[in-house]
2 protein chains.
Amino acid sequence: MIDLIQYRALAEKIFADIREFSFDGVGITRESYGRGESAAADYLRGLAESEGLAVQADRAANLVFRFPETPASNSVIWMGSHMDSVPQGGNYDGLAGVVAGLLCLVARRREGVGGPLEVIGFRGEESAWFGKAYMGSSALLGKLSEADLALRRRGADESLGDCMQALGADMTAIRAGERLFDPARVRTYLELHIEQGPVMVARDLPVAVVSSIRGNFRHNHIVCEGESGHSGVVPRWLRHDAMFAVADLLMRLDEHWRMLQERGTDLVLTAGIVGTDPAEHAVSRIPGRVAFSLEARSRSTDTLEAFYQLVRAECSAIAHERGVAFDFDRRVLSAPATMNTRVCDTLSAACAARELAHDVIPSGAGHDAALMANAGIPSGMVFVRNQNGSHNPREAMDLDDFMLGVQVLSDALEPLSA
Amino acid sequence: MIDLIQYRALAEKIFADIREFSFDGVGITRESYGRGESAAADYLRGLAESEGLAVQADRAANLVFRFPETPASNSVIWMGSHMDSVPQGGNYDGLAGVVAGLLCLVARRREGVGGPLEVIGFRGEESAWFGKAYMGSSALLGKLSEADLALRRRGADESLGDCMQALGADMTAIRAGERLFDPARVRTYLELHIEQGPVMVARDLPVAVVSSIRGNFRHNHIVCEGESGHSGVVPRWLRHDAMFAVADLLMRLDEHWRMLQERGTDLVLTAGIVGTDPAEHAVSRIPGRVAFSLEARSRSTDTLEAFYQLVRAECSAIAHERGVAFDFDRRVLSAPATMNTRVCDTLSAACAARELAHDVIPSGAGHDAALMANAGIPSGMVFVRNQNGSHNPREAMDLDDFMLGVQVLSDALEPLSA
């Protein structure tokens, strides 16, 4: 078996180089289908080519790294993750998985081993830019709708479709909902990712195997319309205060959440973006309009659907009681996913063979692996321990932990290729 | 007695002219100590001078209109209001009172009546621009602190002190907290204002006499600091969600408010500005920071103080329960005020003499008259009926109602001068 640990210095250099040009003054910014993501893609392409690997964009503008001599028709194991980041995020969320795959390829190339391995660097996994996650893997699977492609980039007047087209994606096929690859060719999809929660640090586990991935529903932009007015003169019973209505909704949902948790239901709930309207708000004006996002995640599709009905019911009740209206944008759904048992067992066995303390844990965050799994491709994930969560600049993956994760993936390639 | 109703066409022209250059595309914008307010001041000065009136700025840059032959030492009745507006507000909030006074002066001038009348056009009454209200009357009364003068204009990097200085105010005296006029010279302060609430429309009253004015406490910028994190991976019991904490606070205060109302306590409560941090918020990020304003108003100083203690107590409880911190900026206080009984009776008698349906009602909104009253100047206010509230472009004062209000003020001048 190949010893990946000796590639630690290469990994360190790659992360440092990419960090340097992705730094935004506060954290790491790699815009989906934009400057930062493309800069990372260009860097990785250059590095891989200097190692004698073949690199090409797939029809959805994701990057594919392979041995130049492997026929494109051969069945392969895919290893990968995404190249973009949230604004002011960290360097490892996504990038670690692409680098892990690339290290496996480089090691095999240098040591003349080869094997049925391809690495994929997905674009557009983060929802922070267009309000939709998993865009690169969705495009590959023929799962982007016209409405998705019409989504506008945060703070800019360009659509997802325009941005994909500018990067050479096959928009005709994508708009037609075609699968852009032959799924029968892909035996397994493997993804290494930093853990984004606090579990592995608490349990002192450098690596873990992922059992399942939470799905979610999202509204990126719900508007609560009430009635603005002078704060001094409208008595309580004549108010239609949009901010109090939204606060009421959040507290009702918080109470439902608390009760569901006590019953053991898997659920998390977040209103990440909330605000009165800067064009008209003032200290002495009753807010007539509040816009907010709402997201719930669960490993259970049934829980998500039931909780969604609860959200709508509470909005109706509040609309009636407070004389406001809730205007919902399109609901965006991501299905929960279960990782393949054989793949999980193989990854666990690889950990055990290296005498690594590890565990099988669920993923709270979503990953491209969820789409691959739900498309019928046997999939598995390895988590690497990480301090301080993700989606912030304080992400702190230890490179030694990372190299252990890469070693596990590399070790698992043999049995999974059999 | 002078018949003011024949000056309706002049009133109409003044409002129309000022509306034209104050229109911002949506509503009326007259920035305190800024462009719009100064444009209105310049217009009113030109109009008054063309009628043979004397116009000069006082030492706080407010505008004073008078008969040129009246010695400046004579005791007078002041009539006035303010010239600024909120952003995207209406044309009548403030301006109506200045125009009312000016019409009384013009009528007396044209008809050779004279009398102990001066009209004052205050600057800077609206809190929307600097986060503080009654700046022009406060300056005149020596009640602006260094902290007040350091307040920055909404969306601009200029302080209140700089803006006042640029308009020629006597900053040395203002910083020293001097009274810039001799209060013994002012027998009475009268202010006409549109009603900003729904009471007079509901009761079908064209004019009303104001009994008292609500005071308030305000925090313009409270920050709730929690802990941001990936929305999918932090379970409920490990969250320090700043948005849920603020929603919790608003709902607790809403419940206190409801109970106090049931006991007959005079109170209104508003969080006019609330928002997650645009520099870091995202649909999939737990909000780590929410900034908000909080304002309560009451006719009772005791109620304001008791409710303030409740706000702080609930913030402490929520900070403890949810693991967040509330960081308060300076509390801004405006004292409630009671109008002078003799002035109120005189205004009521003037209404009765014209057989006008009227009533004596409290003012929910604050006015410069509150500061004059609390400075010991016998003060009174006339409200004019107004549809759709104020601080919005849909303000709708009927000019006939306005002229009735002006007539009442004019009629009251004789008995109040005696």
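**Close-up 1. About 760 Å² is buried between domain 1 of chain A and domain 2 of chain A.** Carbon and sulfur atoms give 39% of that area. Keep in mind that this is a predicted model. As for who is who, the domain assignment puts 4-213 + 337-417 of chain A in domain 1, and 216-334 in domain 2. The contact draws on 14 residues from domain 1 of chain A and 8 residues from domain 2 of chain A. Zoom out for a moment and you'll find the C-alpha centres of these two domains of chain A 34 Å apart.

**Close-up 2. Here's the salt bridge between the two domains of chain A, with Asp148(A) and Arg330(A) as its partners.** Their side chains come to 2.6 Å, N to O. The count for this domain pair is 1 salt bridge, and 3 residue pairs are in polar contact, with both residues at pLDDT 80 or more. On the side of domain 1 of chain A that touches domain 2, the residues split into 6 nonpolar, 6 polar and 2 charged.

**Close-up 3. Now for the two chains: chain B and chain A bury about 5300 Å² between them.** Of this area, 57% sits on carbon and sulfur atoms. In chain B, the residues that lose the most area to chain A are Arg236(B), Phe244(B) and Val283(B), and together they make up 15% of what that side buries. In terms of head count, 59 residues of chain B touch 60 residues of chain A.

**Close-up 4. Arg322(B) reaches across the chains to a salt bridge with Asp254(A).** The closest N and O atoms of this pair are 2.7 Å apart. Between chain B and chain A there are 4 salt bridges in the count. Polar contacts add up to 25 residue pairs, again with both partners at pLDDT 80 or more.

**Close-up 5. Helix H9 of chain B gives the largest share of the side that touches chain A.** That share is 10 residues, and the helix itself spans 242-262. Several strands of chain B also supply at least two residues each: E7 (215-225), E9 (268-270), E10 (274-276), E11 (285-286) and E12 (289-298). Sort the residues on this side of chain B by type and you get 27 nonpolar, 20 polar and 12 charged.

Key
Residues numbered from 1 in each chain as written. Chains lettered and ligands numbered in written order. Predicted model: local features only at pLDDT ≥ 70, side-chain atom pairs only at ≥ 80, totals over all residues. Heavy atoms only, no water. Domains from an automatic or database assignment. Contact = heavy atoms within 4.5 Å. Buried area = accessible area lost by both parts, 1.4 Å probe. Polar contact = N/O pair within 3.5 Å; in protein donor to acceptor, adjacent residues only side chain to side chain. Nonpolar A, V, L, I, M, F, W, Y, C, P; charged D, E, K, R; others polar. Helix = DSSP H or I, 4+ residues; strand = E, 2+ residues; numbered from the N terminus.
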